[in-house]
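Let's take a walk through this protein together, one piece at a time. Please have the sequence and the 3D view open as you read.

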Amino acid sequence: MGRVLIIGAGGAGSVVAHKCAQVREVFDGILLASRTLSKCEKIRGQIEKKTGREIQIAKVDADDVRQTIALIDRFKPALVINVALPYQDLTIMEACLAAGVNYLDTANYEPPDEAHFEYRWQWAYEDRFKQKGLMAVLGWGFDPGVTNLFAAYAQKNLFDEIHAIDILDCNAGDHGRAFATNFNPEINLREITQVVRHWEEGNWIETPAILEPGSVHFSFNYPVVGSRESYLLYHEELESLVRNIRGLKRIRFWMTFSENYLMHLRVLQNVGMTRIDEVEHDGKKIIPIQFLKSLLPDPTSLAENYTGKTVIGNIMTGIEAGLEKTLYLYNVCDHAQSYREVGAQAVSYTTGVPAMIGAMMMLQGAWKGTGVFNVEQLDPDPFMEALNLYGLPWRMVEHERLPDKF
Ligand code: NDP
């Protein structure tokens, strides 16, 4: 039915490539391209072993628009799936516009020299994608991605109006390492050390970063895994959901962190290892967080011995037929099961599977349009069905409303 170019051979990219290879009837050509060819070779070998299917691979520096255009022109995909880093979003979007192909990614653009992510840089491409008759879908992993979709599904099918959304992301897994991040360490640490924001009645409210005194947290009793301390965090889907969910009065994002994780992070931050500016070392300029990344375990290497589960979902309170109700939509994903299926841990799995399904929706025409879209602007129904079929089944239960203040 269609060919896809996947850019980025990391944890998420590997899952996207495996899952696309499993769905032969939709993805009849797959090219995995990344900066380091040996990583593509390794994934190609794993896919061949698991599915008997041979995918194509290539080396590309996606910071270079001309290289990316040349690759697209050679392979002629219907869609580019960007699972490189947020730094490459704009150059890959430029290449898609020049070469005339659709675009999908899992994280919004972030300038390398500023730990700050927002959609405005990518939303600015709206007119250019429209003029070319092309579609770009942003933020298509689990969170952002499925969490946006849960809100869209609830808005369409479960409520007349949603007033409060709490997105709760719990990793209750154990990888047996002293300290590691579950996706790219540089991107992850930049995200979680920022000042926290949530949105209430039209205003962004700032609260201290997770390690600072006064940071907001509470113990939430997650399905299957039990109570975990959950910290208020700023996350990118908040920015688009406040625009697209009608009647919303409050939205917050929570993520679990263990005491051990926070202790390591505190020390690393105190000694300057999470700095993103250049420092002089032995006559050379280095960026501490990039040096730290080279010391920390590669998130893909955690997969083999990872046990436990992730539980990610939305608690949503709103009105239906004049009555208030609260519903909790969530998915439970098992690290070891993800490893058995595609050789990945659950954080990569929950990112890569939605990206594959989104690509399938675009190739099959279930999602059509021109311009730049966030996930909640597209029809959630076919996607919710596909989540159940392709490895991320979801559940829905009634829940108590979460307190307004903690
Ligand atoms: P990894 O660091 O494991 O993988 C990134 C890959 O991109 C690496 O293979 C890297 O190459 C490659 N890459 C980096 N720069 C370039 C470049 N200039 N040209 C070509 N390839 C490049 O990251 P993850 O797989 O963990 O994350 C991938 C993306 O998914 C990130 O944007 C992340 O923020 C996002 N994400 C989204 C989630 C969601 O739920 N929405 C959750 C988790 C992650 P090399 O190997 O040479 O470094």
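A good place to begin is a hairpin: strands β15 and β16 are joined with 2 residues between them, and in the turn Ala-321 has a positive phi of about 50 degrees. Keep in mind as we go that this is a predicted model.

Following the two arms of the hairpin away from the turn, you will see that β15 and β16 (residues 323-334) run antiparallel and share 12 bridges. To find the register, look for Gly-318, which stands opposite Lys-325 in β16.

β15 has another partner as well. Strand β7 (residues 161-171) pairs with β15 in the antiparallel sense, over 10 bridges. Here a handy landmark is Ala-164, whose bridge partner in β15 is Thr-317. How many residues of β15 are buried? In this strand, which spans residues 309-320, 10 of the 12 are buried, so β15 is mostly covered if we count a residue as buried when 20 or more other C-beta atoms lie within 10 Å of its own.

Now turn to another sheet. This one is open and parallel, with 7 strands in the order β3-β2-β1-β4-β5-β6-β17. Its edges are formed by β3 (56-59) and β17 (371-374), each of which pairs on one side only. From one strand to the next, the twist averages 20 degrees. Within the sheet, β1 (residues 2-7) and β4 (residues 79-82) pair in parallel over 4 bridges, and Ile-7 has Asn-82 as its bridge partner in β4.

Let's step back to the domains. The domain assignment gives domain 1 as 2-138 and domain 2 as 146-344 + 393-398. Their C-alpha centres lie 24 Å apart, and 14 residues of domain 1 are in contact with 14 residues of domain 2. On the domain 1 side of this contact, α1 gives the most, with 5 residues. That side divides into 6 nonpolar, 6 polar and 2 charged residues.

Finally, what surrounds the ligand? There are 32 residues around it, and those that come nearest are Gly-8, Gly-10, Ala-107, Gly-141 and Phe-183. Both domain 1 and domain 2 supply at least three residues to this shell. Helix α1 (residues 11-22) turns up again here, giving the most to the shell with 3 residues. By class, the shell has 15 nonpolar, 12 polar and 5 charged residues.

Conventions
Residues numbered from 1 in each chain as written. Predicted model: local features only at pLDDT ≥ 70, side-chain atom pairs only at ≥ 80, totals over all residues. Pairing = 2+ DSSP bridges. Axes fitted to C-alpha atoms, helices over the stretch in contact; angles between N-to-C directions. Near = placed C-beta within 6 Å. Nonpolar A, V, L, I, M, F, W, Y, C, P; charged D, E, K, R; others polar. Domains from an automatic or database assignment. Contact = placed C-beta atoms within 7 Å.
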